[in-house]
Amino acid sequence: MSKLFQKVAGFFTNRTMVGMDKAGNRYFARKEEVDGIMKEKRWVAFKGEDDPTSIPVEWICWLNGQRKRAPTPEELAELEARRERVRQNVALLKKEEEERKAREGSTRKVINNDKVGGPDLKSFIQQFPGSSEGGGLNPEESVATEGVRNSKEKEAKKAKEAPESTEPTGSGQTFRPGTWQPPT
């Protein structure tokens, strides 16, 4: 029972406050012997509600042992200033992007009902043979291209029906070391 009391009393008396963040959370450390090895225990005492999302990244790294030293107030202020500069730069870039889009939108072709005009898709489709809307070929040319298309489709079906064997073929007399590639 006395060992338990010593551990509980040591928990409160043997701790050292390492720092505090801007939310008011306090961070503590204590050296403790575990299995004959001195280890440092680190923890946080939350101000108000226990909200782990209120802990800054730098303090999380210290709590997890990813940092040897606790973050200093100067370091935290510098990082906060950097984060604020990044926020301002993001806002500036968004504003510039919106202005650029507004300028581009005003230079595009406007149709009579004040909508932004896009590309003429019908004229684009007519460039390709065999399109349902286009009629880019006369009937004789379309029959010829249809025959070529059908012969290519038949070749593709034959290739699918007779899959290539993955087993090696040949007597090995043409084999050269370092040239073999696995089948794809």
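In the second largest pocket of this predicted model, the largest share of the lining comes from helix α3, which gives five residues, and I would like to begin there before turning to the rest of the chain. That pocket has a volume of about 240 Å³, and 13 residues line it, among which Lys-22, Pro-56, Leu-76, Glu-80 and Arg-83 are the closest to its centre.

Helix α3 runs over residues 73-107, and both α2 and α3 supply at least two residues of the lining. If we look at the lining by class, we find six nonpolar residues, six charged residues and one polar residue. It is also shared between domains, since domain 1, at 7-55, and domain 2, at 72-112, each contribute at least three residues to the lining of this pocket.

Let me now step back to the overall layout. The protein chain has five helices and three strands, and, when we read along the sequence, these follow the pattern α-β-β-β-α-α-α-α. Of the 184 residues in the chain, 12% are buried, and among contacts with a separation of 6 or more, 22% are between residues that lie 24 or more positions apart.

Which residues form the largest nonpolar core? There are eight of them, namely Tyr-27, Ala-29, Val-44, Ile-55, Trp-59, Trp-62, Ala-70 and Leu-76. Strand β2, at 26-34, and helix α2, at 57-63, each supply at least two residues of this core. Leu-76 is worth pausing on, as it belongs to this core and is also among the residues closest to the centre of the pocket I described at the start.

Ile-55 is another member of the core, and, if we leave aside its neighbours within four places in sequence, Ile-55 is in contact with Asp-21, Asn-25, Tyr-27, Val-44, Phe-46, Ile-60 and Leu-63. Two of these partners, Tyr-27 and Val-44, are themselves listed in the core.

I will finish with two single residues. The first is Asp-35, which sits in the loop between β2 and β3, and whose phi is near 55 degrees, a positive value in a residue other than glycine. For comparison, most residues other than glycine have a negative phi. Is Asp-35 buried or exposed? Its relative accessibility is 77%, and therefore Asp-35 counts as exposed.

The second is Trp-43, which is placed in strand β3. Trp-43 counts as buried because its relative accessibility is 17%, which falls under the 20% cut-off. Trp-43 and Arg-15 are 28 residues apart in sequence, and the distance between them in space, taken from C-alpha to C-alpha, is 10.0 Å.

Methods:
Residues are numbered from 1 along each chain as its sequence is written. This is a predicted model: local features need pLDDT of at least 70, side-chain atom pairs count only at pLDDT 80 or more; totals for chains, interfaces and linings use all residues. Side-chain values use heavy atoms; hydrogens and water are left out. A nonpolar core is a set of buried Ala, Val, Leu, Ile, Met, Phe, Trp, Tyr and Cys residues joined through side-chain atoms within 4.5 Å. Buried means under 20% relative accessible area, exposed over 50%, partly exposed in between (1.4 Å probe, protein chains only). Helices (H or I, at least four residues) and strands (E, at least two) are DSSP runs, numbered from the N terminus. Contact means heavy atoms within 4.5 Å. On a 1 Å grid over the protein atoms alone, a cavity is a set of points where a 1.4 Å probe fits but cannot get out, and a pocket is an open set with protein on both sides within 12 Å along at least five of seven lines; lining residues have an atom within 4 Å of a point. Grid points are joined across faces, edges and corners, and a volume is the space filled by probe spheres set on the points. Ala, Val, Leu, Ile, Met, Phe, Trp, Tyr, Cys and Pro count as nonpolar, Asp, Glu, Lys and Arg as charged, and the others, Gly among them, as polar. Domain bounds come from an automatic or database domain assignment.
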